[in-house]
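Student: Could you walk me through one helix pairing in this model, up close?

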Amino acid sequence: MIKIFKVEPMTYTPFSTEQAAEFLKSQGIVITNNPKEGDVFVSCYLRRLLPFRTIYPAKKYLLWTHEPRFNTNFTNKINGNLWLPDVHIMNAYTGDIYLNNYTRYGRVVNRRLELLNPTNFSGFKNKKIAALMLYRNNRRRWSLQREGQELDLCYLRTRIALEGYKLNKVDIYGEGWPDQISLEQSRGSGWRRRKLEILENYHFNLCFENTNIDYYCSEKIWDSINAGCLPIYYGKNNKIYEEFPKNSFIDYAELKTPAELFEYVEKIDDDEFCDRLNLCIETFNKIYEKRKLEKYYDKNFDRDLLQKIITKLEQIVD
């Protein structure tokens, strides 16, 4: 029996639902509210483990987070010292959180979509691009490099959105933008529903991820397709093409400048738009059917991810 003590509630993780707790219990792993009983202390944040590492140096410690910026260690363990114990890591970079492009966020792929045809697509209302994102315009602050490769996409997508806004090519929604650039604040209660309502008024959606790593494919591209928008995504140095065929979404990595992107969007005709979006819809439907077939265990995780956690815990206490 392995006993886990959660340093914080760890909401929206596999450690926070009754279904996960029952499955872990069936595998000999239980969650305790008593730190003295805990074999492994778990947290999403390294700093929150520090006080417990000081008080309980003989315990084991695991940092688990699916958020790429909550922890940016690229190795699976932080070695301790003479009095602080090691911290084992499962994060977006260790290869045992995101197992495919729909491990975490595939839950938003929740229905079959109809392919575009002349009866349901009558041409463009306009070719403005929707950009739903927070303002992130500090390159130094958001830069994250591994082996000389820039992983951050926040700064790049912000610069594209700003340039498009100045040219009247992009409508921006989100928090933190200066000079009343944003048409509407994002986040908050009901945002999931409101986001789809906004996207339904557009044909194109700038939807880069925050961070460019293998299998970190959030709800952004799936929401775009679900709302009938052709995604403008960044597909270099990640695994997105394991799901999507070439010439489906518009891949900004194949373009050189924002101006080139806006020119491409302006020139795209009805046939190319429908062909591209239909390839995206076919991918969306394929993932929907696959998730149904595999009977994913819970909206926050699947059994493969839980098994990775179980294996890690067993290694830690061994």
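Student: At what angle do helix α5 and helix α6 pack, and how far apart are their axes?

Tutor: Sure, with a caveat: this is a predicted model, where local features need pLDDT of at least 70, side-chain atom pairs count only at pLDDT 80 or more, and totals for chains, interfaces and linings use all residues. Residues are numbered from 1 along each chain as its sequence is written, and side-chain values use heavy atoms, with hydrogens and water left out.

Two packed helices are described by the angle between their axes and the distance between the axes. Helix α5 covers residues 191–199 and helix α6 residues 219–226; they pack at about 55°, with axes 9 Å apart. Axes here are lines fitted to C-alpha atoms over the stretch in contact, and angles run from 0 to 180 degrees between N-to-C directions. Helices themselves are DSSP runs (H or I, at least four residues), numbered from the N terminus. That angle makes α5 oblique to α6, since under 35 degrees counts as roughly parallel, over 145 as roughly antiparallel, 65 to 115 as roughly perpendicular and the rest as oblique.

Who does the touching? On α5, Arg192, Lys195, Leu196 and Leu199; on α6, Glu219, Lys220, Asp223, Ser224 and Asn226. Contact means heavy atoms within 4.5 Å. By type, the contact of α5 with α6 has 5 charged, 2 polar and 2 nonpolar residues. Here Asp, Glu, Lys and Arg count as charged, Ala, Val, Leu, Ile, Met, Phe, Trp, Tyr, Cys and Pro as nonpolar, and the others, Gly among them, as polar.

Note on methods:
Helices (H or I, at least four residues) and strands (E, at least two) are DSSP runs, numbered from the N terminus.
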